[in-house]
Amino acid sequence: MPDLILYTNPQSRGRIARWMLEEVGQPYETEIIPYDRIKDEAYLAVNPMGKVPALKHRGRVVTECAAICAYLADVFPEAGLGPRDDEKADYYRWLFYAAGPVEQAVTNNFAGWHPDEKQQRMFGYGSYDKVVAVLEELFSLRDYVCGDRFTAADVYVGSAIMWGAMFGTLPKLDSFVRYSERLQEREAMQRAHQLDEQAQAQIQSAAQPQPA
Ligand SMILES: N[C@@H](CCC(=O)N[C@@H](CS)C(=O)NCC(=O)O)C(=O)O
């Protein structure tokens with residue numbers, strides 16, 4: 001039995017964790033958590049937030065996609081996805097920036113809530129427009145989060161940018177499109193996508209009424 005179990009739903013941020021697992025290349029088991037069972041006691045015992053994804057590794061649970069990406073890069077260094085010493089500043093800076101300010105800016109903006117000038121001083125992201133401008137500048141100047149090399153930070157930051165463009169929660173700026181295209185060439189990402197599509201098809205066929 002593999003040491004790693006991914007609790008996910010194919011229509012969720014669990015896609016980020018699966019992509020990272022495929023990048024790492026270690027065997028893992030997948031447990032699909034249907035949304036109508038996500039707040040059941042059985043799953044709350046894994047993640048008391050009742051949210052996916054969660055990762056269990058040797059009996060210990062990691063939640064939060066950004067943490068899952070960083071954790072896997074850390075415990076499987078042979079995959080070469082963690083930062084070298086000279087990459088650590090960018091790696092941690094932008095990984096945390098995406099998990100905090102970017103996530104908050106995008107979700108608040110999607111919900112139609114915009115902090116006024118005074119609130120912007122207190123809110124960690126300032127304003128949505130500022131966050132977009134900062135990301136735009138970053139990816140106009142470099143190919144990946146840490147410069148010219150793909151790392152685990154790109155799985156998370158890149159997912160935020162690709163999903164943002166897909167759902168219309170971030171603009172389709174040239175630098176975002178070019179970055180997304182680079183990431184979509186990755187075989188691990190394509191494998192993860194196929195596995196999630198298969199899982200989604202299984203969920204849908206299981207939900208079809210069976211002939212009497
Ligand atoms: N901060 C979490 C967010 C997880 C999250 O919100 N997952 C959503 C799906 S994308 C979920 O499980 N929603 C079900 C619910 O809240 O009932 C992470 O990065 O993993």
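1. In this predicted model, helix 1 (14-24), helix 3 (65-75), helix 4 (88-110), helix 7 (152-167) and helix 9 (187-207) each contribute at least two residues to the lining of the largest pocket. Helix 7 gives the most to that lining, with 8 residues.

2. The lining of the largest pocket comprises 42 residues, and those nearest the centre of the pocket are Ser12, Arg13, Ile16, Glu103 and Trp163. Sorted by class, the lining holds 24 nonpolar, 11 polar and 7 charged residues, and the space within the largest pocket amounts to about 1300 Å³.

3. The ligand sits in this largest pocket, where the residues surrounding the ligand are Ser12, Arg13, Tyr35, Ile38, Lys39, Gly50, Lys51, Val52, Pro53, Glu64 and Cys65. By class, this shell around the ligand divides into 5 nonpolar, 2 polar and 4 charged residues. Ser12 and Arg13 are among the residues around the ligand, and they also belong to the group of lining residues nearest the centre of the pocket.

4. As for individual polar contacts, two lysine side chains deserve inspection: an N or O atom in the side chain of Lys39 lies 2.9 Å from an oxygen atom of the ligand, while for the side chain of Lys51 the corresponding separation between an N or O atom and a ligand oxygen is 2.8 Å. The backbone takes part as well, with a polar backbone atom of Val52 placed 2.8 Å from a nitrogen atom of the ligand. Of the 510 Å² that the ligand exposes when taken alone, the protein buries 77%.

Terms used:
Residues are numbered from 1 along each chain as its sequence is written. This is a predicted model: local features need pLDDT of at least 70, side-chain atom pairs count only at pLDDT 80 or more; totals for chains, interfaces and linings use all residues. Side-chain values use heavy atoms; hydrogens and water are left out. A residue is near a molecule or strand if one of its heavy atoms lies within 4 Å of it. A polar contact is a pair of N or O atoms within 3.5 Å; within protein, one must be able to donate a hydrogen and the other to accept it, and residues adjacent in sequence count only if both atoms are side-chain atoms. Accessible areas come from the Shrake-Rupley method with a 1.4 Å probe; for residues, only the protein chains shown count as cover. On a 1 Å grid over the protein atoms alone, a cavity is a set of points where a 1.4 Å probe fits but cannot get out, and a pocket is an open set with protein on both sides within 12 Å along at least five of seven lines; lining residues have an atom within 4 Å of a point. A molecule sits in a cavity or pocket if more than half of its atoms lie within 2 Å of its grid points. Ala, Val, Leu, Ile, Met, Phe, Trp, Tyr, Cys and Pro count as nonpolar, Asp, Glu, Lys and Arg as charged, and the others, Gly among them, as polar. Grid points are joined across faces, edges and corners, and a volume is the space filled by probe spheres set on the points. Helices (H or I, at least four residues) and strands (E, at least two) are DSSP runs, numbered from the N terminus.
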